[in-house]
Amino acid sequence: MEATGTSIAYGIALVGEGFDFRKFVRKPQTIVRLLSWLFSIVVFACITTEGYINPVFSAEPKCIFNQNDSACHYAVGIGVIAFLACLGFLLIDVYIPFMGNAQQRKYVVMADLGFSGAWTFLWFVCFCLLASQWSRTHDVSAIPQDAARATVAFSFFSIATWGILTYFAWSRFRSGPDDVGVPTYTEQPADLHEPYPPTYAPAPYTPTPYTPTTYPALADLSQQPAFTPNLQPTPGYQPPNY
């Protein structure tokens with residue numbers, strides 16, 4: 001018998017395969033998601049640790065990007081949400097092979113596609129905003145320039161990683177439930193013209209001649225002497241006295 005169906009839904013095998021950690025971490029989607037998680041840490045960590053300075057004319061700390069606090073708040077918000085989302089989708093990537101319902105997988109893949117596409121756009125906006133405000137910052141003597149440049153650079157890298165995640169989610173969504181199927185088996189029809197194998201060749205048929213069985217003829221009962229009881233007393237027999 002040969003298998004004619006595969007149990008795959010949205011690019012992932014259905015229930016039946018165990019979780020392989022090494023295989024999971026080597027997947028391109030897992031690698032890109034981990035990079036997105038790392039880049040988001042760099043962005044919001046640089047701003048929260050070195051993204052604010054105390055100018056001489058103000059008692060309140062100001063953002064290093066042209067003293068535009070909205071730029072720093074936006075980058076921190078996008079980075080923190082991306083950080084949490086990467087962790088959540090990593091857990092979903094671990095759990096999704098154990099989902100036997102294709103409809104549930106559809107909702108998960110749609111959520112991944114929508115979020116990845118949205119965050120690709122938001123990271124693009126973040127990069128443009130930070131780059132624009134940094135180019136307008138003139139007095140950089142008291143500003144940690146390495147932190148500012150790292151924030152702008154990893155915002156740009158995040159556009160690429162989230163764009164790749166969007167492509168992966170779109171590919172899984174396009175595969176859809178068309179690949180879902182229960183393995184079926186078909187048996188090839190026997191070839192009637194194929195000779196028997198040598199080990200299973202039937203023995204040649206040789207008819208055995210029939211020999212009737214003969215029985216001796218029964219003696220004629222009419223020629224046997226009639227039965228006559230033996231009335232001769234037994235020697236030494238004495239009848240009892242009553």
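This report walks through a small set of salt bridges and one helix pair in a predicted model.

## The salt-bridge network

Counting side-chain nitrogens of Lys or Arg within 4 Å of a carboxyl oxygen of Asp or Glu, we get three salt bridges. They're worth taking together, since R33, D93, D112 and R172 are linked in a network of salt bridges.

## R33 and its two partners

Start with R33. Its side chain meets that of D93 in a salt bridge, with 2.9 Å from N to O. R33 sits in helix α2 (residues 28-50) and D93 in helix α3 (residues 69-95), so this pair ties together parts of the chain that are 60 residues apart in sequence. How accessible is R33? Its relative accessibility is 0%, so R33 counts as buried, the cut-off being under 20%. D93 is buried too, with a relative accessible area of 10%.

R33 also meets D112 through a side-chain salt bridge, this one at 3.1 Å, N to O. Here the partner comes from helix α4 (residues 102-135), while R33 is in α2, so the contact ties together parts that lie 79 residues apart in sequence. Both ends of this bridge, R33 and D112, are buried.

## D93 reaches R172

Now back to D93, whose side chain forms a salt bridge with that of R172 at 3.9 Å, N to O. That value falls within the 4 Å cut-off. The pair links distant parts of the chain, with D93 in helix α3 and R172 in helix α5 (residues 145-175), 79 residues apart. R172 is buried, at a relative accessible area of 11%.

Put the pieces side by side and you can trace the network: D112 pairs with R33, R33 with D93, and D93 with R172.

## How α4 and α5 pack

Two of the helices that carry these residues also pair up with each other. The axes of α4 and α5 come within 8 Å and cross at roughly 155°. Which way do the two helices run relative to each other, parallel or antiparallel? Angles over 145 degrees count as roughly antiparallel, so α4 is roughly antiparallel to α5.

As for handedness, α4 passes α5 in a left-handed crossing. What sort of residues make up the contact of α4 with α5? They divide into 21 nonpolar, nine polar and two charged.

Key
Residues are numbered from 1 along each chain as its sequence is written. This is a predicted model: local features need pLDDT of at least 70, side-chain atom pairs count only at pLDDT 80 or more; totals for chains, interfaces and linings use all residues. Side-chain values use heavy atoms; hydrogens and water are left out. Helices (H or I, at least four residues) and strands (E, at least two) are DSSP runs, numbered from the N terminus. Buried means under 20% relative accessible area, exposed over 50%, partly exposed in between (1.4 Å probe, protein chains only). Axes are lines fitted to C-alpha atoms, for helices over the stretch in contact, and angles run from 0 to 180 degrees between N-to-C directions. Angles under 35 degrees count as roughly parallel, over 145 as roughly antiparallel, 65 to 115 as roughly perpendicular and the rest as oblique. A crossing is left-handed if the near helix is turned anticlockwise from the far one by less than a right angle, and right-handed if clockwise. Ala, Val, Leu, Ile, Met, Phe, Trp, Tyr, Cys and Pro count as nonpolar, Asp, Glu, Lys and Arg as charged, and the others, Gly among them, as polar.
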